[in-house]
Structure formats: structure tokens, C-alpha cells
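Colleague: Please take one part of this model and go through it slowly with me, explaining each term as it comes up. I would also like to know how far the prediction can be relied on.

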Amino acid sequence: MTASTGSRNQTTTFDLELLNQQFETATPKEILAWSIENIPTALVQTSAFNVDDMVITNILYSELKHPVPVIFLDTLHHFRESLELVAKAKEIYNLDLKTYKVPDVDTREAFSAKYGEALWDKDIAQFHQITKIEPLLRGLDELNTVAWITGRRRDQAVTRANMPIFELDSQGRLKINPIATWTRQDSWPYVAEHKVIYNPLHDQGYPSIGDEPITTKVAEGEDERAGRWRGSEKTECGIHI
């Protein structure tokens with residue numbers, strides 16, 4: 001039995017419509033507690049170590065005391081501050097970190113030599129396929145994932161406005177969005193109250209942080225993801241489509 005087949009067999013036992021009705025007004029902690037209770041194994045968090053991801057990690061590791069594997073996609077193009085935060089979080093939380101990257105490539109220079117200079121400018125879809133989508137699918141499969149937790153919120157983009165708390169991905173795995181109903185005005189007070197570590201770039205005009213070559217600062221009044229793929233109509237890297 002493949003991992004995705006096993007996932008479909010387990011996740012089809014959940015009534016997603018009923019779950020979404022029941023948890024629409026629930027707190028992220030309540031949603032994550034249900035997830036832990038009902039999916040005690042093969043539950044993972046995917047994290048880009050943005051502030052919302054750190055909130056979820058803190059709830060799992062510090063409040064619920066239930067460490068789950070955390071998948072991090074090392075695209076080789078992250079900001080230095082992002083990689084420093086990953087290392088710091090691993091130490092503070094004793095994180096069960098699972099890092100996935102492009103096979104057989106370890107530096108930006110090696111990536112450029114293999115795939116061409118500035119691939120993101122020439123073919124952004126291929127860049128994301130190579131650096132994010134394939135590594136993520138490989139990671140979910142290797143960990144025999146039944147359900148994965150994301151840090152997406154409905155107010156982040158128009159493509160996420162109607163996002164449910166519980167949904168199935170294209171492989172039949174359960175995808176859990178515990179802070180779907182939150183806004184940034186919910187995330188930052190939590191960070192302050194619980195003293196959650198976060199990327200210092202958030203304080204420097206980067207509300208949403210992706211790969212360094214394709215992430216810019218966001219001006220006052222702009223959508224928080226306006227700095228991702230600026231100048232294009234792109235709103236998602238492909239992981240959540």
C-alpha cells in the first residue's frame with residue numbers, strides 16, 4: 001500500500017463538512033488538539049518559518065507538548081535570517097526537523113550550474129516545481145503522512161478567502177489549516193504573549209518571507225503577500241493548488 005493510498009483510507013473516515021462546521025469558531029489550539037487526538041501518528045507540520053508557522057509550532061511543542069515532524073523545504077535561496085531562525089527554532093524546541101531540498105545540489109551556485117542562471121525569472125513554475133513541490137511531495141511520502149498542518153490564513157490572499165479548516169489535498173491526505181480564521185492582528189499578540197521567536201525580517205517590511213531573489217518589502221497599505229512574485233499575477237507557489 002502506498003502512503004497516499006493509506007492516507008485516503010484513513011481520511012475518508014472524517015466528515016469534513018461536519019468538522020468544518022464544528023471548528024469554524026474554534027481556537028487554533030483546539031483544532032490542533034483534535035488533530036493530535038484523532039491522528040496520533042503520521043501527522044506533520046509544513047513550515048516556511050514565517051510568523052504564523054512559528055505560532056503553530058509553539059502551540060504544538062510548548063502548549064500541547066506534542067512534537068510532530070516539521071517539514072522545511074530548503075530551496076537554497078532563503079534569506080540568511082530565515083536559515084538562522086530555523087537553526088534557532090530547532091535548538092529551542094528540540095524540533096523534529098525534516099529538511100528536504102533539491103537532490104544532489106547543495107548551493108545556489110550549483111543550482112544555477114544545473115538549471116541555469118535566475119531560473120525564477122525564466123520559468124517560475126519550474127523553479128517552484130524543483131525547489132518546493134517535488135521536495136514537499138517526497139517528504140510527505142517518506143514520512144507516510146496522513147495529515148499535514150499549514151500556516152495559511154484566509155485573509156492572506158484572494159485565493160485563500162474561502163479556505164476551509166479541514167480539506168483533502170490532491171493525494172487524499174488531510175490538510176489542516178488551524179489559523180485559517182485568524183488575521184495578523186491575532187498572530188502578533190500571540191507572539192508577544194508567548195514570547196515566540198520570529199524572523200527579524202518581519203520587522204523590516206517583510207510580512208511574508210519566501211526566497212530571497214523573489215521577495216521584496218511591502219509598502220504600507222499593500223497586501224501582505226504583495227512582496228511575493230512582485231510584478232506578476234502569481235499568488236501561490238504551487239504547493240497549495
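Modeller: What follows looks at the sheet and one of its edges, then at some aromatic rings and the confidence values.

This is a predicted model, in which local features need pLDDT of at least 70 and side-chain atom pairs count only at pLDDT 80 or more, while totals for chains, interfaces and linings use all residues. Residues are numbered from 1 along each chain as its sequence is written, and side-chain values use heavy atoms, leaving out hydrogens and water.

The sheet is open and mixed in its pairing, with 6 strands in the order β3-β2-β1-β4-β6-β5. Helices (H or I, at least four residues) and strands (E, at least two) are DSSP runs numbered from the N terminus, and two strands pair if DSSP finds at least two bridges between them. Because β3 (97–101) and β5 (166–168) each have a single partner strand, they stand at the edges, and one side of each has no neighbour in the sheet. From one strand to the next, the twist averages 30 degrees.

At the β5 edge, 3 bridges join this strand to β6 (residues 174–176), and the two run antiparallel. Here L168 stands opposite L174 in β6. Across β5 and β6 lies helix α2 (residues 16–23), which runs at about 155 degrees to β5 (axes are lines fitted to C-alpha atoms, for helices over the stretch in contact, and angles run from 0 to 180 degrees between N-to-C directions). F166, which belongs to β5, forms one aromatic cluster with F14, F23 and W34.

A search of the whole structure finds 12 aromatic pairs; rings of Phe, Tyr and Trp (its six-membered ring) pair if their centres lie within 6.5 Å, with planes under 30 degrees apart counted as stacked, over 60 as edge-to-face and the rest as tilted. The rings of F79 and Y206 have centres 5.5 Å apart and planes at 65 degrees, so this pair is edge-to-face. F79 sits in the loop between β2 (70–74) and α5 (80–93), and Y206 in the segment after α9 (184–194), 127 residues apart.

As for confidence, the chain has a mean pLDDT (the predictor's confidence in each residue, from 0 to 100) of 88, and 85% of its residues reach 70 or more. Over residues 1–8 pLDDT stays under 50, and the model has 13 contacts (heavy atoms within 4.5 Å) for them beyond four places in sequence. Residues 234–238 are also below 50, with 17 contacts in the model beyond near neighbours in sequence. Where pLDDT is low, the predicted coordinates should not be read in detail.
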